[in-house]
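Reader: Got a minute to walk me through this one? I'd like to start with the sheets.

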There are 2 protein chains.
Amino acid sequence: MKRIAVDAMGGDYAPKAIVEGVNRAIQDFSDIEIQLYGDEAKIREHLTASERVTIVHTNEKINSDDEPAKAIRRKKDASMVLAARAVKDGEAHAMMSAGNTGALLAAGLFVVGRIKGVDRPGLMSTLPTRDGKGFDMLDLGANAENTPAHLLQYAILGSFYAKNVRGIAKPHVGLLNNGTEATKGDSLHKEAYDLLTQEASIHFVGNVEARDLMNGVADVVVTDGFTGNAVLKAIEGTAINLMGSLKSAIKSGGFKAKIGALFLKDSLYQLKDTMDYSSAGGAVLFGLKAPVVKSHGSSDERAVYYTIKQIRTMLETDVVNQLVETFTKEENHD
Amino acid sequence: MKRIAVDAMGGDYAPKAIVEGVNRAIQDFSDIEIQLYGDEAKIREHLTASERVTIVHTNEKINSDDEPAKAIRRKKDASMVLAARAVKDGEAHAMMSAGNTGALLAAGLFVVGRIKGVDRPGLMSTLPTRDGKGFDMLDLGANAENTPAHLLQYAILGSFYAKNVRGIAKPHVGLLNNGTEATKGDSLHKEAYDLLTQEASIHFVGNVEARDLMNGVADVVVTDGFTGNAVLKAIEGTAINLMGSLKSAIKSGGFKAKIGALFLKDSLYQLKDTMDYSSAGGAVLFGLKAPVVKSHGSSDERAVYYTIKQIRTMLETDVVNQLVETFTKEENHD
């Protein structure tokens, strides 16, 4: 039985969306057990699942505008902190939250803890490509500064995930850089390029540019947290604005445009599906001793369901324990 | 009379698109004179303008895959290099090219030369916002590494451009960072934030995120060249892929979708117009002794025309000489 600790109080639509996602997951997956952390009365309002679910009541929760490190230290009984502690104490195998990202990073690092040998866990998401396959990118902003050695570790972490969780036999790893030539980039990216070239356990395909990410230029894209965060937000902002502009253009186009949109409805839904990657799950804080996964703040029932499904696959494929072995071996070699 | 040197041989559709853009500009603006550098016979095939245009013939040109610095050194008679030399020698007041970006950066720096006091000229473009106003962002990749002092200079340069060329009385300047709080970012961005806060000549509005750029969160967005390049390419890649996906969705949607697209045609064109910012001109290598402007490699006649129009405005408002004065004053204060 896979035991997953769920912060029921984090996210814009908590606890409703969280609990509804849990209901569906319990129904679909008979090998999981969910521990819900949060306000018991409010959780019960939405809970329909009756087996393999327990509620651990607490009144405290971390808000989206709380200062992360401080919140983790002071709100010791917050739903997110209790869920993290359950993982640390072995009562749960993994945890998820749709709440304050910074606080979850802090809880992951300080409560759950790093894998020995992984210097700086990175935030990783599966992002959409036009062919529907998607790619994994990390670090998306767990760190504001990274070294070349961190980027090498991200390549190893990302390859493991792509292989085990996404079933890609030989994941192509690209380094996000400001040009495709080997000599491109600042000193951080030049040194990372050299390290990646020398690493035998990954399949490094060289530098990739942000322009080509959605074309599926690599299965795993490695970047420092500052650039990764900016690129992720640029992709999100552009997609949201373009879809919004399309809507406005249809609205202001009068009757003719509305007729057109009606005829185009199926095609527009198909486009929305291509861009919607919530079925790939949430963002993994990767490099910790257990899966700690952040579901988007605006997660609905569907997104929560897919995040639980993703955690289940991570537990089933035992990806974290394999990482522990790999990095322990490397440590011993040093 | 404003004299503009134009590299007729750079870009995917050269010399045709370049010469056609020149034809239209000569017709519309009676106060400009164009010097076309390149293959005279090929230029004449497309040239209809008969006044205020001269051709300086050369057989040599820089290719898009030439190594920039080497090409500038070795191909001394290349159309791009001759155009840059004309600016240096005072025969032209400004130059444009749609050719090899790296080579144009090198020609700008080594032939035209920096304004005294500007440490690292930055590449700046006007990018689209949903309200149609647009924003200027720099550095978009002239430099792979920047210091906090460079970022402060970009804020001053960008503000000058927004005021003089775009007519914004009090341009809001934002620092691209991985969060809006004052304490966000790596050491480069934290230090830049402090410098920007202290600078009295600009209107600094704090940190901005890549997600909000298209919402018009600032008129001038300052960033290091590595991040700026990645964000620009992420925006481009997402827009191109989304528009492509929309097309595919319509195509594969059969008869019904095609009817819908027909009715929606005007609205879709409106969307395309919102995203198309070529009417704002090309990318300025800003901080040089004269306007050096890069038109997109895929520039058509329209984009070339608007780049010439942009250069004309830069000359008319005398923005570069004002910069020279400002930075000379600052140098003397030091």
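Author: Sure. One definition before that: two strands pair if DSSP finds at least two bridges between them, and helices (H or I, at least four residues) and strands (E, at least two) are DSSP runs, numbered from the N terminus. Also, this is a predicted model, in which local features need pLDDT of at least 70 and side-chain atom pairs count only at pLDDT 80 or more, while totals for chains, interfaces and linings use all residues. Residues are numbered from 1 along each chain as its sequence is written, chains are lettered from A and ligands numbered from 1 in the order in which they are written, and side-chain values use heavy atoms, with hydrogens and water left out.

Reader: Fine. What's the strand order in chain A, then?

Author: In chain A, 11 strands make an open sheet with mixed pairing, ordered 3-2-1-4-11-10-5-6-9-7-8. Strand 3 (53-57) and strand 8 (203-208) of chain A are the edges; each has a single partner strand, so one side of each lacks a neighbour in the sheet.

Reader: How are neighbouring strands turned against each other?

Author: By 25 degrees on average, direction ignored. Axes here are lines fitted to C-alpha atoms, for helices over the stretch in contact, and angles run from 0 to 180 degrees between N-to-C directions.

Reader: In which sense do strand 5 and strand 10 of chain A pair, parallel or antiparallel?

Author: Antiparallel, over 3 bridges, with strand 5 covering residues 122-127 and strand 10 residues 283-286 of chain A. A:Leu123 has A:Leu285 in strand 10 as its bridge partner.

Reader: And what does helix 6 of chain A touch?

Author: Helix 6 (residues 148-164) of chain A packs on the sheet and touches strand 5, strand 6 (135-138), strand 7 (172-176), strand 9 (220-222) and strand 10 of chain A. Its direction makes about 165 degrees with that of strand 9 of chain A. Contact means heavy atoms within 4.5 Å.

Reader: Switching to chain B. Is its helix 6 mostly covered or uncovered?

Author: Mostly covered: 14 of the 17 residues in helix 6 of chain B are buried, meaning under 20% relative accessible area (exposed is over 50%, partly exposed in between; 1.4 Å probe, protein chains only). From first C-alpha to last, helix 6 of chain B reaches 25 Å, close to the 24 Å expected at 1.5 Å a residue. That expected span is 1.5 Å times one less than the number of residues.

Reader: What about helix 10 there?

Author: Helix 10 (residues 301-316) of chain B has 16 residues and reaches 22 Å, close to the 22 Å expected. Its buried residues include B:Tyr305, B:Tyr306 and B:Arg312. After helix 10 of chain B comes B:Asp318, with a positive phi near 60 degrees.

Reader: OK, the dimer side. How do the two chains superpose?

Author: A turn of 180 degrees and a shift of 0.0 Å along the axis lays chain B on chain A with an RMSD of 0.0 Å, so the copies are related as by a two-fold rotation axis. The C-alpha of B:Gly260 is the nearest to the axis in chain B, at 1.9 Å. The fit is by least squares on the C-alpha atoms of residues with pLDDT of at least 70 in both copies.

Reader: How many residues does the contact take?

Author: 53 from chain B and 53 from chain A. Both copies use the same surface, as 100% of the contact residues of chain B recur in chain A.

Reader: And the area?

Author: About 4,600 Å² is buried between chain B and chain A, 65% of it on carbon and sulfur atoms. That's the accessible area (1.4 Å probe) that two parts lose on being put together, summed over both. B:Arg211, B:Phe226 and B:Leu242 supply 15% of the area that chain B buries against chain A, more than any other three residues.
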